[in-house]
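Trainee: I would like a close look at one part of this model, the charged side chains that pair up. Could you walk me through them?

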Amino acid sequence: MVASVKAASLGLAVYEQTRSRELFERAERVIPGQKYGGAVICPAGMCGHYSLNAMAPGYPIYFSEARGARFWDVDGNEYVDYMCAYGPMVLGYKNPVIDEAVRKQNEKSNTVTLAAPLMVELAEYLVDLVPIADWAFFSKNGGDATAQSVMVARAATGRKKIVTVADGYHGVAAWMQGPGAPGTVEEDYRNIVTVDWNDVKGLENVVAENPGEIAAFISSPYHHPLFIDNELPAPGYWANVERICRKEGIVIIADDVRAGFRAHMGGSCEYFGFKPDLICFGKALGNGEPIAALVGTDAMRDAVASVFYTGTQFYNASPMAASLATLRELQRIDGPNVMLQTGKKLTDGMVEIAKNHGFDLKVSGMPSMPYLRLTDEDSPIWTEGLEAMHTGLHATWISECTRRGAFFSSVHNHFVSTAHDQADLERTWEIVDEAFKVVKNAR
Ligand code: PMP
């Protein structure tokens with residue numbers, strides 16, 4: 001495979017992003033910026049997770065269109081996209097099957113005083129698809145599903161405390177932000193207890209220290225934090241979590257918002273071999289149409305019904321049409337395996353190219369969501385803090401790739417879709433090769 005990596009043609013065009021920057025100047029006046037963990041990520045003009053890249057050198061900020069695995073920025077530059085809209089794009093932008101399903105539903109209407117029959121169909125489909133699921137509840141963002149899951153666990157157990165994993169992410173609700181986060185109060189964290197990923201002993205201790213008080217253990221199926229290498233479950237980890245939680249009647253919540261349908265169609269818990277009580281899905285569930293879902297076991301049915309939870313847009317029919325079409329299509333083409341294989345092929349090639357230039361590229365996490373890091377130099381972000389996130393060898397190499405058309409992130413895991421094909425990989429390898437030459441020369 002790696003033999004097919006083409007030798008780089010020196011002098012790949014470095015993109016100009018004039019129009020993006022012009023728009024950004026206008027945005028600075030009317031759109032707030034973003035702080036994260038107390039550090040200024042973007043002073044103004046871009047909020048939320050999109051701000052992570054806005055200040056990085058060589059990054060475009062606004063798109064003009066997107067198709068397949070590629071998007072074009074407002075300056076007309078073309079990128080192979082390895083962020084996939086931070087996960088939702090799983091079958092390719094403007095996938096004709098999904099677009100047709102949405103178009104058909106839009107013809108009938110999207111937001112109406114009644115739910116569409118599709119809601120029943122989609123719930124039935126998910127219940128058939130996901131082994132632990134006996135019911136499904138739909139919402140919009142992943143954070144809707146995670147916030148609901150915690151309420152359901154508390155209702156089911158009559159307990160207050162929630163165990164989370166350090167550096168895990170479950171959305172922006174106050175309890176999930178971390179002590180001291182602006183806009184939150186101490187009381188938001190009073191019932192949150194944190195353990196380290198893969199730390200069975202730590203979980204045992206926390207459970208022993210809080211007898212009869214813990215409602216839920218919430219975690220992503222594997223550890224995919226920002227800024228550091230991602231980690232798979234250690235052998236036996238989930239079996240131990242299940243043993244500890246089952247013994248104490250603690251609800252296990254799998255937050256599959258990010259990894260869902262990129263490992264296994266039945267939920268990533270099937271891939272990693274465990275059985276949660278509740279699973280939160282989002283992102284890939286609608287190939288970009290806004291939809292999230294909480295699914296759960298029969299044992300959780302009364303609890304979910306007891307918790308009042310809703311939203312004006314929860315019943316939009318078109319995202320449900322997109323979701324049903326997405327799940328069917330992913331199943332038809334064995335999407336998770338396609339993405340696992342494509343991700344492995346992509347990063348094997350990149351590691352080889354790095355080696356050829358004398359660099360060590362570490363790939364962590366699941367192959368369909370690879371986290372990348374050049375180990376040759378520590379990330380300045382670790383020693384100097386978040387504001388140094390766009391400096392240092394790794395961030396520089398990543399930005400040299402991006403400004404030539406392979407859109408990567410130096411701080412976040414990447415996403416592979418089923419639309420990434422051999423031509424996308426070859427184009428990427430060519431850019432990666434050139435970017436290594438550039439950083440080597442600069443050293
Ligand atoms: N959980 C995980 C694991 C996530 O990655 C995210 C989003 N990055 C969320 C929850 C929150 O989802 P959303 O941003 O759609 O509310």
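Trainee: To begin with one partner, what is the relative accessible area of E78, and which exposure class does that give?

Mentor: Happy to! E78 has a relative accessible area of 29%, so this residue is partly exposed (buried is under 20%, exposed is over 50% and partly exposed lies in between, with a 1.4 Å probe and protein chains only). Before we go on, keep in mind that this is a predicted model, where local features need pLDDT of at least 70 and side-chain atom pairs count only at pLDDT 80 or more, while totals for chains, interfaces and linings use all residues. Residues are numbered from 1 along each chain as its sequence is written, and side-chain values use heavy atoms, leaving out hydrogens and water.

E78 is worth a look for its partner: R70 and E78 form a salt bridge, with 2.7 Å between the closest N and O atoms (a side-chain nitrogen of Lys or Arg within 4 Å of a carboxyl oxygen of Asp or Glu). The two ends sit in unlike surroundings, as R70 is buried at 16% relative accessible area, whereas E78 is partly exposed.

Now compare that with a pair inside one helix. R103 and E100 also meet through their side chains in a salt bridge, at 2.7 Å from N to O. These two are three residues apart in helix α3, residues 96-108, so about one helical turn separates them (helices are DSSP runs of H or I, at least four residues, numbered from the N terminus). Here R103 counts as partly exposed at 39%, and E100 counts as partly exposed at 33%.

A third pair reaches across the sequence. E121 and R328 meet in a salt bridge at 3.4 Å, again N to O. Because E121 belongs to helix α4 (residues 117-129) and R328 to helix α11 (residues 317-332), the pair ties together parts that are 207 residues apart in sequence. On accessibility, E121 is partly exposed at 35% and R328 is partly exposed at 42%.

Finally, pairing can go beyond two partners: E400, R403, R404 and E434 are linked in a network of salt bridges. For the wider picture, the structure holds 24 salt bridges, including R70 with E78, R103 with E100 and E121 with R328.
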